[in-house]
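Visitor: I am new to this structure and should be grateful for a close look at one part of it. Please define each term as it arises.

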Amino acid sequence: VNTTTDGSGDTSWLNLELGWQLMTEKEKLLFENYEIILHDMYSPGTRIEKVPLLKTNPKTGKLSSTLNCLHLDNKKSEWVKCIHRDGKNLSFQETYNFHKTFYEIIEGKKNTIYTHHWNNGDIIVYDNWFNVHKREKVNDNSISGGRLLKRLTFNFV
């Protein structure tokens, strides 16, 4: 890692598995009978797949959401094409509202978010099955020689 000197570029992970466990039954009912229409974020409109809102972790048996990346402007790459319910695809605005509500509830639960401030030499190991992550804006002028993070992906199925 070669990271910033001003603390910009922190990465946060949201634990969707824990968030779902901590939801009340009333909150869970808000998301009943929905499906997610996914597509290839690098080639939107291809590899379209309809999946349930919830998936079961093959290691723990716990539930987490398949709801992933959705951008506000509907122009950038994203995994979620739209939300599906009762035989119809929701509009972008309806999909956005669903996504926002779901994440706000989970983010409001205790211990569902971990934020890491990077220091040179740091190593993070996380299970991408039930986590989503985001990075805060990097202030380019706070990096000597450019920011560098290396990533390795392992499949332990």
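What pLDDT does the chain average, and what share of the residues score at least 70? With that settled, please look closely at the aromatic pairs and their surroundings.

Guide: The chain averages a pLDDT of 86, and 90% of the residues score at least 70; pLDDT is the predictor's confidence in each residue, from 0 to 100. The model is predicted, and local features are therefore reported at pLDDT of at least 70, and side-chain atom pairs at 80 or more, while totals for chains, interfaces and linings use all residues. Residues are numbered from 1 along each chain as its sequence is written, and side-chain values use heavy atoms, leaving out hydrogens and water. Helices (H or I, at least four residues) and strands (E, at least two) are DSSP runs, numbered from the N terminus. Among these elements, helix α2 (residues 25–29) has the highest mean pLDDT, 97, and strand β9 (residues 131–135) the lowest, 84.

The structure contains 8 aromatic pairs. Rings of Phe, Tyr and Trp (its six-membered ring) pair if their centres lie within 6.5 Å; planes under 30 degrees apart count as stacked, over 60 as edge-to-face and the rest as tilted. Trp13 and Tyr114 form a stacked pair, because their ring centres are 6.1 Å apart and their planes stand at 25°. Since Trp13 belongs to strand β1 (residues 11–15) and Tyr114 to strand β8 (residues 113–116), the pair ties together parts 101 residues apart in sequence. Trp13 is buried, with a relative accessible area of 7%, whereas Tyr114 is partly exposed at 43%. Buried means under 20% relative accessible area, exposed over 50%, and partly exposed in between (1.4 Å probe, protein chains only).

Another pair is formed by Tyr42 and Trp79: their ring centres are 6.2 Å apart and their planes at 85°, so the arrangement is edge-to-face. Tyr42 lies in the loop between β2 and β3, and Trp79 in the loop between β5 (63–65) and β6 (80–85), so this pair ties together parts 37 residues apart in sequence. Tyr42 is exposed at 68% relative accessibility, and Trp79 is partly exposed at 30%.

One aromatic cluster is made up of Trp20, Phe31, Tyr34, Phe98, Phe102 and Tyr103. In addition, the charged end of Lys55 sits over the ring of Trp129, 4.5 Å from its centre; this requires NZ of Lys or CZ of Arg within 6 Å of the ring centre and within 35 degrees of the ring normal.

To return to β1, Thr11 also lies in that strand and is buried at 6% relative accessibility. Leaving aside residues up to four places away in sequence, Thr11 touches several residues, including Tyr114, His116, Trp118 and His133; contact means heavy atoms within 4.5 Å. The side chains of Thr11 and Trp118 are joined by a polar contact of 2.8 Å, a term for a pair of N or O atoms within 3.5 Å; within protein, one must be able to donate a hydrogen and the other to accept it, and residues adjacent in sequence count only if both atoms are side-chain atoms.

Finally, β2, β3 and β6 belong to an open sheet of 4 strands, in the order β3-β2-β6-β7 with antiparallel pairing. Two strands pair if DSSP finds at least two bridges between them. Ile36 stands opposite Val51 in β3 and opposite Ile83 in β6.
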